[in-house]
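Okay, thanks for squeezing me in. Let me put the thing up on the screen and then talk you through it.

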Amino acid sequence: MKVLMKGNEALAEAAIRAGCRHFFGYPITPQTELAAYMSKRMPKVGGTYLQAESEISAINMVLGAASAGVRAMTSSSSPGISLKSEGISYMAGSDLPALIINVQRGGPGLGGIQPSQADYWQATKATGHGDFQILVFAPSTVQEMVDLVSDAFDAADRWRMPAMILADGMLGQMMEPVALPEEGRAQLVEKPWAAAGHGGKRPHNVINSLYLTPDKLEELVAARYFRYDQVKRQEQRAETYLCEDAELILVAYGASARVARSAVNQARERGRKVGLIRPITLWPFPADCLQEAAKTAKAFLSVEMSMGQMVDDVKLAIDCKAPVHFYGRTGGMIPTPAGVLEEIERLV
Amino acid sequence: MPIVFQKPQALTDAPLHYCPGCTHGIVHRLVAQAIDELGVEGRAVGVASVGCSVMCYDYFACDMVQAPHGRAQAVATGLKRAKPENIIFTYQGDGDLAAIGTAETVHAATRGENITVIFINNAIYGMTGGQMAPTSLPGQVTQTTPYGRDTDSAGYPVKVCEMLSTLDGVAFAQRVAVNNVKNVNAARKAIKKAFQNQLDGKGYSIVEVLSTCPTNWGLSPVESLQWLEDNMMPYYPLGVYKDLAEGVKKGGAAQ
């Protein structure tokens, strides 16, 4: 059975159905409905909704709850994610799984409250200080928001690293019919590493990111990067659309992928050989899919709601084997199919 | 031969890294002793903060989490909300609790989080080499107040127990010192009570411990104890600032 839900509320319900019972947040637009939904639902399912005094405290409450071994999450929007970056770095350095949702808005600074994808670099390259990565998932429909929440929790637990859903104000605010997973089906794993009390049965567990001996710290970071290599091999996800004979392939994720898909359809009606690759994971970036496409495609066009961020990863993924162009709007402006089509016509 | 005195079980055998004359060791012992006496090591989780005591995660035998600077009480909140049956304590210095972590401290306190906070006030940043702390005294010479703390420019020390005792969420706030046997005994009782309160579900309990930092004060261990008595105790009077017999009625931990 499908229900009509707003993206932000669907993310919240999906998290509860994925076994998350601990939500810590701080108000910010345009993720507002997510926290409000949690405040209504968590008490009914025996969970915790806590409105923290700041984004910084919220992410550190997540750090604490994740240390205790439960599924914990926070949600925010761009300026709030900047405040969470410290805690995310500590969680990565302590190998803690948790879910962070960013319903992106325009930046920099206070920016605006309209949809944006200008936090791509932050999410995939520099969510905080130090050598580390987090898993980044990019849904493009409300249904996919639901599906990716449980995938993100599972992957975070599997790899012991923080995971992010990188959405935007458009996806968060739009309503679409969704099929929700059944309750009580979440696969919760044992976490013998958790700081949940040793019960006199084992030596004490320490959740820590401090290593003052350089060779020890290097060894630990290197071990984490060995794990990241496995993540890159196993977790890359992308959807391809009309790419088989495409000479020009658009690359777009999230809300801009919806626009790009419309533009591809219109271009096809005009007989243009264009296709679309839609990254579903932004880290790991679906480089394998891009490399495969680069064997036949003559050019790529990255379509983003930013001044051009993912375009760098497209170039890196295909090792500059074909020209990579960029089309984007920013500041809360959403590209139109007509605008993208015009760019396609200019390039083919 | 009967054992009349020994190291608490809740301390590991790791050698402490603290400087000679530093009173962290005494407070570690008192915390571990409270955990032993209440028999809660198996369900205790400590939160180490950034500062000299950050490596206390190696010294306490219970499970431990190391928090970002200032965030210990937010981390403790997450730990307690996740597992209310566990006994959660933070161990924080003055820079961590009363400067960078002021928001986390005030709001954990006003929420009445059912946690135990051990607050080491030695009026200086020890780990980074002796800078002015939020609790450095007016006129106190530190690395970053070379002419003495000038209150016109650097403002006044934060009186944590006085400030927190105004908040409805706080069940217990007491300031103690570890400068002599009598005061150490009073500190032992206060720390145990702060843990007992959590077991009884009474809510937020904080013990502020006036401590010494001979290295960064530039004094011998003995001179430091005297300096604490002569300078800190008049500015930071010892005593119970708040003690709600019934607590603030927090659920979860009483069993």
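I'll go through confidence, then one helix pair, then salt bridges.

Quick housekeeping: this is a predicted model, where local features need pLDDT of at least 70, side-chain atom pairs count only at pLDDT 80 or more, and totals for chains, interfaces and linings use all residues. Residues are numbered from 1 along each chain as its sequence is written, chains are lettered from A and ligands numbered from 1 in the order written, and side-chain values use heavy atoms, with hydrogens and water left out.

So, scores: ipTM is 0.96 and pTM 0.97. Chain B averages a pLDDT (the predictor's confidence in each residue, from 0 to 100) of 96, with 97% of the residues at 70 or above. Residues 251-255 of chain B, though, fall below 50, and beyond near neighbours in sequence that stretch has 14 contacts (heavy atoms within 4.5 Å) in the model. Where pLDDT is low, don't read the predicted coordinates in detail.

Now the helices (DSSP runs of H or I, at least four residues, numbered from the N terminus). H3 of chain A, residues 55-67, packs on H2 of chain B, residues 72-82, at about 45 degrees, axes 6 Å apart. Those axes are lines fitted to C-alpha atoms over the stretch in contact, and angles run from 0 to 180 degrees between N-to-C directions. The contact includes Gly64(A) on H3(A) and Gly78(B) on H2(B). Its residues split into seven nonpolar, six polar and no charged, with Gly counted as polar.

Last bit: salt bridges (Lys or Arg side-chain nitrogen within 4 Å of an Asp or Glu carboxyl oxygen). There are 36 over all chains. One I'd show you is Glu13(A) with Arg17(A), 2.7 Å from N to O; they sit four residues apart in H1 of chain A, so about one helical turn separates them.

Note on methods
Helix = DSSP H or I, 4+ residues; strand = E, 2+ residues; numbered from the N terminus.
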